[in-house]
Amino acid sequence: MILLRIFKNNRLTGTVAIFLLLIAIFVPSFVDLFRTGVSRELIPLSGMPFYKLVFGSIHKVPVLSHLVAMLLLLMISFTLIRIGIRYPLLQQRSLMPAFFFILFAASLPAARQVSPALVGSLFYLIFYSVLFEVQEEKADTLSIFAASLILVLGSMFYLKLIWFLPLIWISLWTLRPVTWRELFYPVVAYALLILILFTWFWGIRDQGAGFVDLLRKNFTLSGSFQAWHYSVYLLYGFFLMLVAIASIFMAYRFQTMKTVAQNIYQVLFYMFLGGILFFLFIGRFDPSALVFIAFPVAFVLSNFFHRKKNSWIHELVLWILLGLVVYVQWMV
């Protein structure tokens, strides 16, 4: 039971394995880049002005784009591990959320480079890591507003995060009873963002039309479905099958969990549904938008693979999953 033994703990061996897994999954992109001189599926520079300011020059250097993407994925991976440790979501401290996240979010070449969605997803995850703490606080605290400011900061890189507002309200109601004032905090935070953008374009640069054009570009639902190689459908179909099995298992033991864990897993379920809708209708099949589905998938699968029964079957399934990921790298 090699994979289970490595990733079902938070020891040095597992940490090194996470680094090696991330490097291995990026190897095809670097090989393709050095062989042809160009990167496949290179994402054109787009997004909010702040994103262009910070990451604009990176888009001109594909190698740097891949390296920064690796760093962002690594930061997200260890944020997921921290959430799993901070809250009683798994039976023990584990690196498995990072394992499943990397496989799900970075298997496609287009997802292994810097993009507005990848940068925004880091702030999206940090927002939820703060939001989960409201269960332990009284009503009308400013924690929700502080979390909303984190999400707004992410929206300065990826404005489409604003589409998650309904999901935020549902999540708040799930975690604990909230006041109308707390539900209004995210709206106030986004109003501040719109005010800042309007002041920058109209008040400072005297380009009111630029403000309107910025909103139009970022809210335009561009992109369409493009057929992938059948290996991609095999991989993500297998992922979805595992999620369905893990969800059935969780439904049987859900009532035995602590209330905090129950609430968070309910929120993760809403995040999963919201991530799928976002990928289909807002991201319009953008591979970099898979990261929003990867967050809940990582925890649901980790919870299932922490079962002590059927360890050899679990080990076999993990090797099949790794084999499908390798197959995608070979064929795509």
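Buried means under 20% relative accessible area, exposed means over 50%, and partly exposed is whatever falls in between (1.4 Å probe, protein chains only). Keep those words handy for the tour. What you have open is a predicted model, in which local features need pLDDT of at least 70 and side-chain atom pairs count only at pLDDT 80 or more, while totals for chains, interfaces and linings use all residues. Residues are numbered from 1 along each chain as its sequence is written, and side-chain values use heavy atoms, with hydrogens and water left out.

**Stop 1: a charged trio**

Start by selecting D213, with a relative accessible area of 26%, which makes D213 partly exposed. Now add R216: the side chains of these two meet in a salt bridge, 2.3 Å from N to O. A salt bridge here is a side-chain nitrogen of Lys or Arg within 4 Å of a carboxyl oxygen of Asp or Glu. Both residues sit in helix α10 (residues 208-219), three residues apart, or about one turn of the helix. Helices (H or I, at least four residues) and strands (E, at least two) are DSSP runs, numbered from the N terminus. Add K217 to your selection as well, since D213, R216 and K217 are linked in a network of salt bridges.

**Stop 2: two more salt bridges**

How many salt bridges does the structure hold? There are four. For another one, select R86 and E136, whose side chains meet at 3.0 Å, N to O. This pair links distant parts of the chain, 50 residues apart: R86 is in helix α4 (residues 62-86), and E136 is in the loop between α6 (116-131) and α7 (143-155). R86 is partly exposed at 33% relative accessibility, whereas E136 is exposed at 51%.

Next, pick R176 and E182, a salt bridge with its closest N and O atoms 2.9 Å apart. Are these two buried or exposed? R176 is buried, with a relative accessible area of 9%, and E182 is buried too, at 0%.

**Stop 3: a nonpolar patch**

Switch to a surface view and color L12, V16, L20, I23, V27 and V31. Together they form a nonpolar patch on the surface, with about 540 Å² of accessible area. Patches are made of residues with over 30% relative accessible area and no salt bridge; like charges are joined within 9 Å, and nonpolar side chains (Val, Leu, Ile, Met, Phe, Trp, Tyr) within 5 Å. The areas come from the Shrake-Rupley method with a 1.4 Å probe, and for residues only the protein chains shown count as cover. Zoom in on V27, found in helix α2 (residues 12-36). At 40% relative accessibility, V27 is partly exposed.

**Stop 4: the second largest pocket**

Select Y236, L240, F279, L290 and I293. Of the 15 residues lining the second largest pocket, these lie nearest its centre. The elements that give two or more residues to the lining are α11 (230-253) and α12 (259-282). Which of them gives the most? That's α11, with five residues.

The pocket holds about 310 Å³ of space. Pockets are found on a 1 Å grid over the protein atoms alone: a cavity is a set of points where a 1.4 Å probe fits but cannot get out, while a pocket is an open set with protein on both sides within 12 Å along at least five of seven lines, and lining residues have an atom within 4 Å of a point. Grid points are joined across faces, edges and corners, and the volume is the space filled by probe spheres set on the points.

Try coloring the lining by class: 14 residues are nonpolar, one is polar and none is charged. Ala, Val, Leu, Ile, Met, Phe, Trp, Tyr, Cys and Pro count as nonpolar, Asp, Glu, Lys and Arg as charged, and the others, Gly among them, as polar.

**Stop 5: two positive phi angles**

Most residues other than glycine have a negative phi. Now click on R284, where phi is near 55 degrees, a positive value. F285 also has a positive phi, near 65 degrees. R284 is in the loop between α12 and α13 (291-305), and F285 is found in the loop between α12 and α13 as well. R284 is partly exposed at 25% relative accessibility, and F285 is partly exposed at 24%.

**Last stop: G323**

Finish in helix α14 (residues 311-331), where you'll find G323. With a relative accessible area of 36%, G323 is partly exposed. Draw a C-alpha to C-alpha distance to L235: the two are 88 residues apart in sequence and 9.2 Å apart in space.
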